[in-house]
Each structure stands twice: as structure tokens, then as C-alpha cells.
Amino acid sequence: MINDSVKLTDEEKEYFMKEALLEAKKAEIMGEVPIGAVVVLDGRIIGRGHNVREYSQDATTHAEMIAIREANRHVESWRLEKAQLFVTLEPCPMCCGGIILSRVEEVYYGAKDPKGGTAGSLLNLLEDTRFNHTCYVETGILEEECGQILTSFFRNIRQKKKDAKKASNFNSFEV
């Protein structure tokens, strides 16, 4: 979808995606899936979020949803018209719903999510003209960095499980 209002330079896009990556690193430190998001309005970050689903035990506490809630509080409105959302991983159906309902104008994401992404991978909810609002969508912003933090996170989890299994097998031989 072409959007004449897109005025961000590549440097601005990378700057805001790096801010989203900082949020992803906060999630990683907490042991959460490292996904981060920021909402930008008039060149300023007005909302930040990172996954806290395990900590909160709330399925809706995705990075995008938290960033949108904070941005809504900042502007004292549920409408985020003229705002941009930067997120490290392609949004899921729930987050796309929140993006559409809050009227975010532009969405930029880093890595694609072939198993759950609905901003281009499985389908594209954000540019579907059957909804009363559509967004400009751009992918691939710092894609390698955004994908790498997730790859490393899941590799570490698999290694820990492997090590735990090995330790448990070793301990079962002791008498």
C-alpha cells in the first residue's frame, strides 16, 4: 500500500527500530520472548513495550499492546492517528486488531513471523480494505538484528533443556 504521508528517512526508521530492540532486550533479560515495540508521534516516542506474557500470565501483554496502551495514555485518546508503530517481529492477529482499532497510521517491523504474523506472512490484516482502517506496512527494518535476538533466545532455551536432560540422565546412574 502506498502512503503519501510516509516521511521517515531510513535513518529515522533504523533509530526507532533500535529503540524497539532495546525493549526486546528488556524482555530477554526477564526470560520473556524478546520482542519490543515503540509508538512514535511527531518524531517522538510516546509509547514503549516489551513482552511480559510469562511474568504477567496475561496472554494480551504483547509488546505492541503495551506500547499502544502507553501511547493512548500519553495522548489521552484511544486514537493514534498519524502515529507509527515499530516492532521487532511481525504482529500477530491480536496485535493487528489493536493496531487497526487504535488507528495507527504506519507499521514498521523487523523480522517476519511465518507461523503467526498477520501483517504480510500468513495474511495481511493491516492492509485489508474490508476493515474501516488500514495501515501502511513496511518490513525488513533491521531485519537481521531483529531475527537474531529471537534465534539466539530460542537456541539458548533448547540448549538449557538439552543440558538439563543430560544432567538428569547422568544423575539417574548414581546410586
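The following conversation concerns the aromatic pairs, charged surface and salt bridges of a predicted model.

Visitor: What kind of model is this, and how are residues numbered?
Guide: This is a predicted model, in which local features need pLDDT of at least 70, side-chain atom pairs count only at pLDDT 80 or more, and totals for chains, interfaces and linings use all residues. Residues are numbered from 1 along each chain as its sequence is written, and side-chain values use heavy atoms, with hydrogens and water left out.

Visitor: How many aromatic pairs are there?
Guide: The count is five aromatic pairs. Rings of Phe, Tyr and Trp (its six-membered ring) pair if their centres lie within 6.5 Å; planes under 30 degrees apart are stacked, over 60 edge-to-face, and the rest tilted. The rings of Tyr-15 and Phe-16 have centres 5.2 Å apart and planes at 75 degrees, so this pair is edge-to-face.

Visitor: Is Phe-16 buried or exposed?
Guide: Phe-16 is buried, at 5% relative accessibility, whereas Tyr-15 is partly exposed at 47%. Buried means under 20% relative accessible area, exposed over 50%, and partly exposed in between (1.4 Å probe, protein chains only).

Visitor: What about Phe-86 and Tyr-108?
Guide: Their ring centres are 4.8 Å apart and their planes stand at 10 degrees, so the pair of Phe-86 and Tyr-108 is stacked. Phe-86 lies in strand 3 (residues 84-89) and Tyr-108 in strand 4 (residues 106-111), so the pair ties together parts that are 22 residues apart in sequence. Helices (H or I, at least four residues) and strands (E, at least two) are DSSP runs, numbered from the N terminus. Both Phe-86 and Tyr-108 are buried.

Visitor: Which residues form the aromatic cluster?
Guide: One aromatic cluster is formed by Tyr-15, Phe-16, Phe-86, Tyr-108 and Tyr-136.

Visitor: Turning to charge, how many salt bridges does the structure hold?
Guide: It holds seven salt bridges, each being a side-chain nitrogen of Lys or Arg within 4 Å of a carboxyl oxygen of Asp or Glu. One of them joins Lys-13 and Asp-10 (4.0 Å, N to O). Lys-13 and Asp-10 are three residues apart in helix 1, so about one helical turn separates them. Lys-13 is buried at 7% relative accessibility, while Asp-10 is exposed at 52%.

Visitor: Which residues does the salt-bridge network link?
Guide: The network links Glu-19, Glu-23, Lys-26 and Arg-48.

Visitor: And how exposed are the partners Asp-128 and Arg-130?
Guide: Asp-128 is buried at 15% relative accessibility, and Arg-130 is exposed, with a relative accessible area of 74%. Their side chains meet in a salt bridge (2.6 Å, N to O).
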